[in-house]
Amino acid sequence: MGKHIDSLQGLLLRRVGLPLLGLLVCSGIGSFALARHYAGEVYDRWLLDSAMSLAELVEVDQGRPHMRVSARVSRMFTWDTVDEVHGEVLAGDGRRIYGDLAQPLPGPPAAEGERPQYYDAQLRGQPVRMVEVMRSVEGGGWVRLRVAETLRKRARLEQKLLLSSLPLQGVILALAAWLAWRSTRAAARYTNAVAHQLSAPRPDALAPLVPQREAPRELWPAVEAFNALLRRLAAMQQAQQRFVSNAAHQLRTPLATMQLELESALRLDDSNARQAALSGVVASLTRLRHLVHQLLLLSRSEPGDAAVVTLRPTDVALLARDLLERFMDRAVAAGVDLGYEGPDEGAIVDAEPELLREALANLLDNALRYGRRRGVITLRVALRAEVCEVHVDDDGSGIPPAQRALVTERFYRAHPETDGCGLGLAIVSEIARLHGSRVGIATSPLGGARISLQLPAASC
């Protein structure tokens with residue numbers, strides 16, 4: 001079983017909604033990370049300001065930096081309603097001149113003149129954010145400033161950012177889902193509208209649609225494909241109507257003739273005359289049977305039946321020789337020298353054997369009907385590279401060049417005085433088309449007509 005295809009709206013929702021959901025989630029995460037980054041930069045700047053405020057309290061006495069910090073000033077430095085703030089000031093020789101950091105903290109030591117360095121550390125069992133900077137002091141020398149702050153404010157800010165972004169992301173997601181649903185529903189509505197136009201009764205059911213006027217651009221290929229199908233159906237319908245009309249016209253004449261002959265036979269008392277009338281009925285029946293056979297064969301070779309013709313490797317030489325045996329009695333009765341030229345076997349082509357047999361039979365039948373009495377007819381098979389050529393030559397009156405384009409038309413008769421039905425070469429032409437070939441008409445080396453087929457050699 002083939003894979004089940006869901007509705008167009010469901011397909012669009014999955015193809016659009018799921019990537020959109022992933023995009024919104026990534027956007028939310030990215031927005032949260034960006035806000036957290038810039039908030040961290042603000043807090044780091046405040047941390048650096050605290051370190052700079054300590055640097056303003058450093059004094060130099062006899063070339064040695066020191067700090068006189070009162071308890072009140074120290075409380076002001078460390079005061080914070082949320083976090084704990086700790087600071088440390090070291091002289092250039094490593095002497096601590098201020099601070100309550102019990103031990104050196106991990107982190108790369110700042111060098112003179114470098115920009116402030118920020119890093120995370122642990123202080124008394126708590127995670128802290130550190131800043132370290134070297135600063136020159138008035139009077140000479142350098143001091144190293146370190147300030148540490150716990151992360152409670154940062155954690156609260158991150159929580160607020162997260163909680164505030166979730167409702168916004170939810171609203172955006174709901175709006176995007178609603179827009180996706182509306183868009184896919186609109187697309188499905190346009191598709192349904194086109195389907196309704198295709199199924200709605202119209203004055204001409206096989207008239208093609210105009211894609212630019214009756215369908216969105218995305219559906220133009222589908223509408224064009226549907227129009228192509230309509231054109232094929234219209235051509236098949238016209239061919240069928242023409243076939244039925246021509247068949248009815250052709251059948252009416254022999255049937256009327258048979259009726260007259262039967263009515264005449266019923267009125268005749270003379271047995272010999274009645275026998276002659278019934279013989280005419282038998283001849284009419286023979287012509288009618290031939291006509292019906294030709295009509296059925298022509299219907300089988302209609303363009304609509306091309307898809308059901310299965311080509312397979314066929315030996316044209318064997319088929320031609322077998323066919324000549326079937327026509328030999330008729331040729332002998334007409335005093336015609338019927339012959340064959342070509343290989344005994346091995347002329348392999350891709351063909352439908354029965355249709356090809358009928359095509360060659362029609363060529364031989366035409367040659368016997370229109371060729372010279374007690375004349376010569378030759379069936380030739382020749383291999384030329386990738387093509388197998390089949391010729392039927394006779395020594396009759398031939399086909400004038402002006403009529404060669406007409407004799408393959410249905411019911412056209414170059415010799416109205418004969419009892420043919422005008423379908424033989426039309427059938428051969430249709431069968432040749434099904435085999436990727438065409439009928440060639442020329443003057444025979446014998447002086448009459450040459451009818452030719454060029455069949456592609458077998459692919460294997």
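This is a walk through one pocket, one helix and a handful of single residues in a predicted model. Residues are numbered from 1 along each chain as its sequence is written, and side-chain values use heavy atoms, with hydrogens and water left out. Because the model is predicted, local features need pLDDT of at least 70 and side-chain atom pairs count only at pLDDT 80 or more, while totals for chains, interfaces and linings use all residues.

Let's start with empty space. Rolling a probe the size of a water molecule over the atoms shows where such space is left. Here a pocket is an open set of points on a 1 Å grid over the protein atoms alone, where a 1.4 Å probe fits, with protein on both sides within 12 Å along at least five of seven lines; its lining residues have an atom within 4 Å of a point. Grid points are joined across faces, edges and corners, and a volume is the space filled by probe spheres set on the points. The second largest pocket holds about 290 Å³. It is lined by 17 residues, and those closest to its centre are Arg36, Gly40, Leu151, Arg154 and Glu158.

Which elements each supply at least two residues of this lining? They are α1 (8–55), β5 (117–123), β6 (126–136) and α3 (152–199), where helices (H or I, at least four residues) and strands (E, at least two) are DSSP runs numbered from the N terminus. Helix α1 gives the most, seven residues. By class, the lining has eight nonpolar, two polar and seven charged residues; Ala, Val, Leu, Ile, Met, Phe, Trp, Tyr, Cys and Pro count as nonpolar, Asp, Glu, Lys and Arg as charged, and the others, Gly among them, as polar.

The loop between β5 and β6 is home to Arg124. Most residues other than glycine have a negative phi, yet the phi of Arg124 is positive, near 50°. Is Arg124 buried or exposed, or somewhere in between? With a relative accessible area of 48%, Arg124 is partly exposed, since buried means under 20%, exposed over 50% and partly exposed in between (1.4 Å probe, protein chains only). Its side chain makes a polar contact of 3.5 Å with that of His86. Such a contact is a pair of N or O atoms within 3.5 Å; within protein, one must be able to donate a hydrogen and the other to accept it, and residues adjacent in sequence count only if both atoms are side-chain atoms. His86 lies in strand β3 (residues 85–91) and is buried, because its relative accessibility is 12%.

Arg374 also has a positive phi, about 55°. This arginine sits in the loop between α8 (353–370) and β11 (376–384), and at 63% relative accessibility Arg374 is exposed.

Now to helix α7, residues 316–333. Its 18 residues reach 26 Å from first C-alpha to last, close to the 26 Å expected at 1.5 Å a residue, a span taken as 1.5 Å times one less than the number of residues. At the N-terminal end, Asp315 acts as a cap, with a side-chain oxygen 3.1 Å from the backbone nitrogen of Ala317. Further along, α7 bends by about 45° at Phe327, the angle between axes fitted to the seven residues ending there and the seven starting there. Phe327 is among the buried residues of α7, as are Leu319 and Leu323.
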